[in-house]
Amino acid sequence: MRREWLVLAAVSLSFFFLNAATFASLGVVLYTMVGELHWSFKAAGFSFSLLGIACGLSSVFPTTLMKRIGPRYTMALGGLVLVAAYMLASYTHGLLAFYAAMLLLGLGYSLTGNVPAIYAIACWFPRRSARMIGLYLMIGAFGGVVGPPLARAIVAFSADWRVYWMEMAGVAVAVTLVNLLCLRDRAIEADPPAGAKGASASPAEIAATGWTYRSAIATPQFLAVAASMTMTMACVTTINSVALNHLGILGVAPDTAAFALAAMALVMTVAKGVAGPLCEIMSTRRLLVLGLALQVVGIALFAHAGTLVGIGAFALAFGIGWGVAYLAASVLLLEYFGKDIGSQVLGMVWTITTVAAAGPVAAGAIADQIGTFAPIFYLYAVLMVAAIVPLMLLGRPMLAGAGPFARRGAEPDDGSQGAVAQVPAS
């Protein structure tokens with residue numbers, strides 16, 4: 001097998017495992033832990049928030065480490081952190097130990113997640129990066145399909161949630177070994193000449209455009225994308241953290257609730273795979289708006305999804321919206337600012353989404369007070385609509401004073417630019 005396919009397989013396996021054994025399944029395991037350890041909804045939700053905070057604040061670490069040790073050893077180090085996190089979680093007897101485990105889990109997620117993986121794909125697939133990134137995201141997202149029912153089955157079969165955490169530690173060891181065997185570091189190759197369909201500027205040409213990190217994050221387009229992804233992550237994090245408890249209040253069995261999470265993740269997985277090629281033929285910005293609008297519908301349905309029909313409608317609408325928006329937002333920033341500056345800007349977006357970690361805490365606090373999670377989901381729907389408006393009004397950002405260089409390699413915002421050829425360098 002050619003090395004690039006081994007690299008793609010390894011990073012896709014890592015992302016599959018991350019999605020299966022972190023955000024997607026944590027809420028399922030917490031459902032059992034809350035009952036046994038007598039935690040409040042708010043305390044349990046805070047553990048989910050800490051995981052999100054750790055992921056967001058540590059998103060700058062992979063970029064720094066890759067400059068020193070490369071993506072291969074960055075991901076290997078992340079694997080070791082994951083093992084420590086899962087083992088600590090398995091020995092939990094109180095909230096403080098579990099909170100520490102979630103902080104480590106968030107750090108491990110960042111070190112083995114999108115930043116080093118997408119960089120590796122960019123290095124090994126310089127001319128097919130977009131499709132390969134879409135494939136990577138789709139395979140990884142499938143972990144969210146497998147994670148909830150698998151976690152539920154392990155906990156039910158063993159009658160001990162500690163067994164789940166110990167088994168995840170063992171899988172983390174295996175995934176880390178695969179990364180060490182399959183990954184190799186490689187410099188990014190030059191892209192096709194600017195002006196060709198699907199082409200992107202070389203690093204030197206991108207620098208010549210005048211875009212800098214500071215000028216990019218000062219644009220309203222960056223702020224609009226960051227706001228949209230913050231709301232998306234707030235919805236996703238809160239749904240995954242409280243789904244079993246929320247649907248349980250509505251009379252839905254735990255197994256059915258876990259199936260709902262898996263169904264949502266399955267739909268999202270397919271949506272990511274479809275959204276990649278769509279970015280080549282239509283406006284990425286419009287795809288992002290469509291994805292956010294579908295999330296509004298989905299989150300409103302989830303507020304009172306007490307029947308199988310309601311659960312199915314929620315999973316379909318929100319799953320499609322989540323998958324389309326996630327990919328479209330990532331690609332859109334790379335279209336706007338080029339692969340080098342765009343990748344740095346994308347890292348800042350994920351840092352900003354740390355704010356979304358407050359969602360599970362807020363949801364838990366509301367449920368503790370009034371006995372239902374529904375109000376937080378209606379609030380999310382309203383805030384998501386507010387995030388859509390600027391995206392509908394704003395076009396491509398222009399760099400003041402850059403003259404014609406600001407347009408080098410840039411095509412009209414109609415989706416025909418072959419945006420997926422733009423790939424992150426970090």
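Colleague: How many salt bridges does the count come to, and what makes the contact of E4 and R2 a salt bridge?

Modeller: In this predicted model, the count comes to 1 salt bridge. The side chains of E4 and R2 meet at 2.7 Å, N to O. The cut-off is within 4 Å for a side-chain nitrogen of Lys or Arg and a carboxyl oxygen of Asp or Glu, so the pair qualifies.

Colleague: Is E4 called buried or exposed, and why?

Modeller: E4 has 9% relative accessibility. Buried means under 20%, so E4 is classed as buried. Its partner R2 has 58%; exposed means over 50%, and R2 is therefore exposed.

Colleague: How do you know that helix α4 is not straight?

Modeller: Helix α4 (residues 61-90) has 30 residues, and a straight helix would reach 44 Å at 1.5 Å a residue. The end C-alpha atoms of α4 are only 26 Å apart, short of that span. A bend of about 115 degrees is found at I69, and the proline P71 follows within four residues.

Colleague: What makes H38 noteworthy in its backbone, and why is H38 called exposed?

Modeller: H38 is not a glycine, yet its phi is positive, about 60 degrees. Most residues other than glycine have a negative phi. H38 lies in the loop between α2 and α3 (41-57). Its relative accessibility is 70%; the cut-off for exposed is over 50%, so H38 meets it.

Colleague: Which values describe the packing of α2 and α8?

Modeller: The axes of α2 (residues 23-37) and α8 (residues 161-182) are 10 Å apart, at an angle of about 145 degrees. Among the contacting residues are L26 and V29 of α2 and W161 and W165 of α8. By class, this contact has 7 nonpolar, 2 polar and 1 charged residues.

Notes: Residues numbered from 1 in each chain as written. Predicted model: local features only at pLDDT ≥ 70, side-chain atom pairs only at ≥ 80, totals over all residues. Heavy atoms only, no water. Axes fitted to C-alpha atoms, helices over the stretch in contact; angles between N-to-C directions. Helix = DSSP H or I, 4+ residues; strand = E, 2+ residues; numbered from the N terminus. Contact = heavy atoms within 4.5 Å. Nonpolar A, V, L, I, M, F, W, Y, C, P; charged D, E, K, R; others polar. Expected span 1.5 Å × (residues − 1). Bend = angle between axes of the 7 residues up to and from the residue. Buried < 20%, exposed > 50% of the residue type's maximum accessible area, 1.4 Å probe, protein only.
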